[in-house]
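Me: Please take a close look at one part of this model, centred on a single side chain and the strands around it. I would then like the account to be extended to the other paired strands, the helix packing and the ligand site.

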Amino acid sequence: MVLMKGVDERGLVFYTNYDSSKAAALDACEQASMLFPWNELDRQVSVTGSVTRISDEESDAYFASRPRDSQLGAWASAQSHPIEGRDALMQQLTDVTERFGEDPIPRPPHWGGYRLVPAVWEFWQGGENRLHDRFRYQITVDGGWQISRLQP
Ligand SMILES: Cc1cc2nc3c(=O)[nH]c(=O)nc-3n(C[C@H](O)[C@H](O)[C@H](O)COP(=O)(O)O)c2cc1C
């Protein structure tokens, strides 16, 4: 699970650690799906497309907008890598806190955003007796969308 932090005509943006397990998978595959479930409404939206790292400038701007403690957390954690205990993690936080003091905290080079560029959207609405409604929007070569109703 990640937080979607941006959406516009270029795609959907989220942020993570570029040395994490998920980043390795995304960089290798360059394709991903996102699922937005609303169990209470019996609905979901899924999006599939290509994924690329966003520009350093865009990541810098978002990182600069984050609370200072979150900025320190991004420096303190080597996401997805084993650590011997929580004390060691807290020590890493102490180390980076002392290192930056009162200075502005730059974006770590190993932290930034990805943008998923949608090729397929699917809107799913649960129905009685599992006869759900599904509508697939698939991008066409001329940049339009082909819309199909799918069987549940
Ligand atoms: C509500 C929620 C929001 C999260 N948002 C993010 C996020 O925006 N970025 C991120 O890297 N991890 C986020 N996480 C943690 C990830 O789900 C995941 O545990 C972490 O990124 C490590 O994944 P990996 O080791 O598979 O790369 C979130 C977790 C939860 C429960």
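Reply: In this predicted model, the side chain of Arg134 reaches the backbone oxygen of Gln151 at a distance of 3.1 Å. Arg134 belongs to strand β6, which covers residues 133-139. Leaving aside residues up to four places away in sequence, Arg134 touches Glu122, Phe123 and Trp124, and also Ser148, Arg149, Leu150, Gln151 and Pro152.

Strand β6 is joined to strand β7 (residues 145-150) by six bridges, and the two run antiparallel. Within this pairing, Ile139 of β6 stands opposite Trp145 of β7. The two strands form a hairpin with five residues between them. In the turn of that hairpin, Gly143 has a positive phi of about 85°.

The contacts of Arg134 with Glu122, Phe123 and Trp124 lead to strand β5, which spans residues 111-125. Strand β5 runs antiparallel to β4, and 11 bridges join the two. One pair within this set is Arg53 with its bridge partner Tyr114 in β5.

Strand β4 (residues 43-53) also pairs in the antiparallel sense with strand β3 (residues 31-38), here over eight bridges. Ser33 has Thr48 of β4 as its bridge partner. The hairpin of β3 and β4 has four residues between the strands, and Asp42 takes a positive phi near 60° there. Strand β4 thus appears in two of the pairings described here, with β3 and with β5.

A further antiparallel pair is made by strand β1 (residues 4-8) and strand β2 (residues 11-17), which four bridges join. Met4 stands opposite Phe14 of β2. The hairpin that joins β1 to β2 passes through two residues.

Turning to the helices, the axes of α3 (residues 68-76) and α4 (residues 86-100) come within 9 Å and cross at roughly 115°. This crossing is right-handed. On the α3 side the contact is made by Arg68, Leu72, Gly73, Trp75 and Ala76. Helix α4 contributes Leu89, Gln92, Leu93, Val96, Thr97, Arg99 and Phe100. By class, the residues of this contact comprise seven nonpolar, three polar and two charged.

The ligand site remains. The residues surrounding the ligand are Met1, Val2, Leu3, Tyr15, Thr16, Ser20, Ser21, Lys22, Gln79 and Ser80. Among them, Tyr15 and Thr16 fall within the residue range of β2. Oxygen atoms of the ligand are approached by both backbone and side-chain atoms of the protein. For Met1, a backbone N or O atom lies 2.6 Å from a ligand oxygen. For Ser20, a polar side-chain atom lies 3.5 Å from an oxygen atom of the ligand. In the case of Gln79, an N or O atom of the side chain is 3.1 Å from an oxygen atom of the ligand.

To return to the starting point, Arg134 of β6 reaches the backbone oxygen of Gln151 through its side chain, and the contacts of Arg134 include Trp124 as well as Leu150.

Notes
Residues numbered from 1 in each chain as written. Predicted model: local features only at pLDDT ≥ 70, side-chain atom pairs only at ≥ 80, totals over all residues. Heavy atoms only, no water. Pairing = 2+ DSSP bridges. Axes fitted to C-alpha atoms, helices over the stretch in contact; angles between N-to-C directions. Left-handed = near helix turned anticlockwise from the far one by under 90°. Contact = heavy atoms within 4.5 Å. Nonpolar A, V, L, I, M, F, W, Y, C, P; charged D, E, K, R; others polar. Near = heavy atom within 4 Å. Polar contact = N/O pair within 3.5 Å; in protein donor to acceptor, adjacent residues only side chain to side chain.
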